[in-house]
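Grab a pencil and open the viewer. Here are some exercises to try, each with a worked solution.

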Amino acid sequence: MSWPSNSGVTEEQRKDWADRYAESDAAAGIETTEDFAPFIQRNDMFTRAFWDDTVRSKFTDGFFQSYRMKAKYRKGDGFRQKDFALRNASWLISDIISNRGADQGRREGFQAPIACDTPVAEAQVEIDDPAKMADEVKRIAKFFGADLAGITDMDTRWLYQSRVDTRDFSEAENDLPEGLTSVIVLGHQMDQELVATYPSALAGAATGREYSHEAAIVIQLAAYIRNLGYEAVASMNDTGLVIPYAIKAGLGEYARNQMVITPEFGPRLRFSKIFTNLPLAHDAPAKLGVEEFCNQCTACADACPAKALPFGPKETSAPEAVSAIRGVKKWTSDAKACFGYWAKLQSDCAICMRVCPFNRDFTTWKDRLWLKLALSPWRKWALAWDTKSDRAKRMKPKDWWQEE
Ligand code: SF4
Ligand code: SF4
């Protein structure tokens, strides 16, 4: 079996990236090495489950079918028909969007950007204050339903080298309009009670609901920008890696559980993005103290049933970790082990989100106090406080359903 090689990065490109991003990368805690290369989307674990025989199994096929009313209902709490029913209903709007271009191999929002039904207006609104415009765009993102919004540079390192044609899972051109300058990153909070029920099919409703929300929000915000006479491409997991964009947009910091920890919702959110040429001021990234906390905490790695999370410090991934981006110093999961567990569950798992000490309700003063301690030299004390509490305890799905 052969994978496409990570080729195509020229010395000139490397130098340009280093000149442009060394300072903001350092501020964001992003470290790349000499063998950095943008990711080839065909290699992500969900796509490999269709074309790579070392990943594909009756379990991975069953996982995808379970989202099409062919789940294996179990008597176990959280995996009954009604649990799968709520999960699948939550995904529906996202599914409608992602299925509409299936005959052209464009699974919109996942393996192709979301096609915009709104043309770019011929008349262009004049923008003389990009900072003011940035504030306005963030306000409008929140009006449409986003919980967080940040803006960063159109950093091409995080775009996929190629996207996937879902008709045959071959590489397809990752085509974007010319001249895009900014990425607007939106955060979408997941329901705290549903997240507390991981692992369960019921908990997957927290994921599906946000994908459905974000699909609507990015389409609407992109339509607003296009009505102003500027280009805007609505995107969910497609086109590029959202995590580095979220970090560079100042929304949070990367953690051991592979998630971005935000001061507002901890790791309990999903991100979407819009690529645009609308003149916008960019946000500055900042290290919050999450890495220092993760360096002394292993709650996510300890709780992972698939033993898929690393225990040590950040490092670059091994070449055989096909589903990890090459040449970035970070915590990297064993994606095959993780997805293997999801496949057996027939639903997504986010135990590593549930148990993370940053998974709290920061509208309460106690949790805000905890956050202050966790991001300060008192972090050991904050970890001990968390370990003694029952915050990470799983909620029984039947309690969520309010059954006797
Ligand atoms: S999602 Fe579940 S299986 Fe995957 S790394 Fe997290 S805890 Fe482990
Ligand atoms: S559980 Fe602990 S180590 Fe894992 S991401 Fe959260 S804070 Fe970091």
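**Exercise 1.** Which helices each supply at least two residues of the shell around ligand 2?

*Solution.* Keep in mind that the model is a predicted one.
- Step 1: find the helices. They are H9 (290-294) and H10 (299-303), and each supplies at least two residues of the shell.
- Step 2: look at what comes nearest. The shell has 13 residues, and Ala255, Cys294, Cys297, Cys300 and Cys356 come nearest to ligand 2.
- Step 3: sort the shell by class. You should get ten nonpolar, two polar and one charged residues.

**Exercise 2.** Now do ligand 1: which residues are around it?

*Solution.*
- Step 1: list the neighbours. Around ligand 1 you'll find Cys304, Pro305, Ala306, Ala308, Leu309, Ser333, Cys338, Tyr341, Cys349, Ala350, Ile351 and Cys352.
- Step 2: match them to helices. H11 (335-345) and H12 (351-354) each give at least two residues to this shell.
- Step 3: sort by class. Eleven are nonpolar, one is polar and none is charged.

**Exercise 3.** Work out how H4 and H7 are arranged: at what angle do their axes cross?

*Solution.*
- Step 1: read off the geometry. The axes of H4 (residues 81-99) and H7 come within 7 Å, with a crossing angle of roughly 25°.
- Step 2: name the arrangement. Angles under 35 degrees count as roughly parallel, so H4 is roughly parallel to H7.
- Step 3: give the hand of the crossing, which is left-handed.
- Step 4: find the residues that touch. On the H4 side they are Leu86, Arg87, Ser90, Trp91, Leu92, Ile93, Ser94 and Ile97, and on the H7 side Gly204, Ala205, Gly208, Arg209, Tyr211, Ser212, Ala215 and Ala216.
- Step 5: sort this contact by class. It has nine nonpolar, five polar and two charged residues.

**Exercise 4.** H7 also packs against H5. Which residues of the two helices meet?

*Solution.*
- Step 1: start with the axes. H5 (residues 130-144) and H7 (residues 204-227) pack with their axes 9 Å apart, at an angle of about 140°.
- Step 2: name the arrangement. The two helices are therefore oblique to each other.
- Step 3: check the hand. The crossing of H5 and H7 is right-handed.
- Step 4: pick out the partners. Ile140, Ala141 and Phe144 of H5 meet Ile217, Gln220, Leu221 and Tyr224 of H7.
- Step 5: sort them by class. Six are nonpolar, one is polar and none is charged.

**Exercise 5.** Try one more pair, H13 and H14: how closely do their axes come, and at what angle do they cross?

*Solution.*
- Step 1: the axes of H13 (residues 365-374) and H14 (residues 379-388) come within 7 Å and cross at roughly 135°.
- Step 2: that angle makes H13 oblique to H14.
- Step 3: from H13, Trp370, Leu373 and Ala374 meet Arg379, Trp381, Ala382 and Trp385 of H14.
- Step 4: by class, this contact has six nonpolar residues, no polar ones and one charged.

**Exercise 6.** Hunt for backbone oddities. Which two residues does a cis peptide bond join, and what is the phi of Lys307?

*Solution.*
- Step 1: recall the usual case. Most peptide bonds are trans, and most residues other than glycine have a negative phi.
- Step 2: find the cis bond. Tyr198 and Pro199 are joined by one, with omega about 0°. Pro199 sits in the loop between H6 (192-195) and H7.
- Step 3: check Lys307. Its phi is positive, about 50°, although Lys307 is not a glycine. You'll find Lys307 in the loop between H10 and strand S10 (326-328).

**Exercise 7.** Zoom out to finish: how many helices and strands are in the protein chain?

*Solution.*
- Step 1: count them. There are 15 helices and ten strands.
- Step 2: compare the radius of gyration with the globule rule. The chain has 21 Å, close to the 22 Å the rule gives for 404 residues, so the chain is as compact as a globular protein of that length.
- Step 3: box it in. Along the principal axes, the C-alpha atoms fill a box of roughly 60 × 50 × 45 Å.

Methods
Residues are numbered from 1 along each chain as its sequence is written. Chains are lettered from A and ligands numbered from 1 in the order in which they are written. This is a predicted model: local features need pLDDT of at least 70, side-chain atom pairs count only at pLDDT 80 or more; totals for chains, interfaces and linings use all residues. Axes are lines fitted to C-alpha atoms, for helices over the stretch in contact, and angles run from 0 to 180 degrees between N-to-C directions. Helices (H or I, at least four residues) and strands (E, at least two) are DSSP runs, numbered from the N terminus. Angles under 35 degrees count as roughly parallel, over 145 as roughly antiparallel, 65 to 115 as roughly perpendicular and the rest as oblique. A crossing is left-handed if the near helix is turned anticlockwise from the far one by less than a right angle, and right-handed if clockwise. Two residues are in contact if their C-beta atoms, placed from the backbone, lie within 7 Å. Ala, Val, Leu, Ile, Met, Phe, Trp, Tyr, Cys and Pro count as nonpolar, Asp, Glu, Lys and Arg as charged, and the others, Gly among them, as polar. A residue is near a molecule or strand if its C-beta atom, placed from the backbone, lies within 6 Å of it. The radius of gyration is taken over C-alpha atoms; the globule rule is 2.2 Å times the number of residues to the power 0.38.
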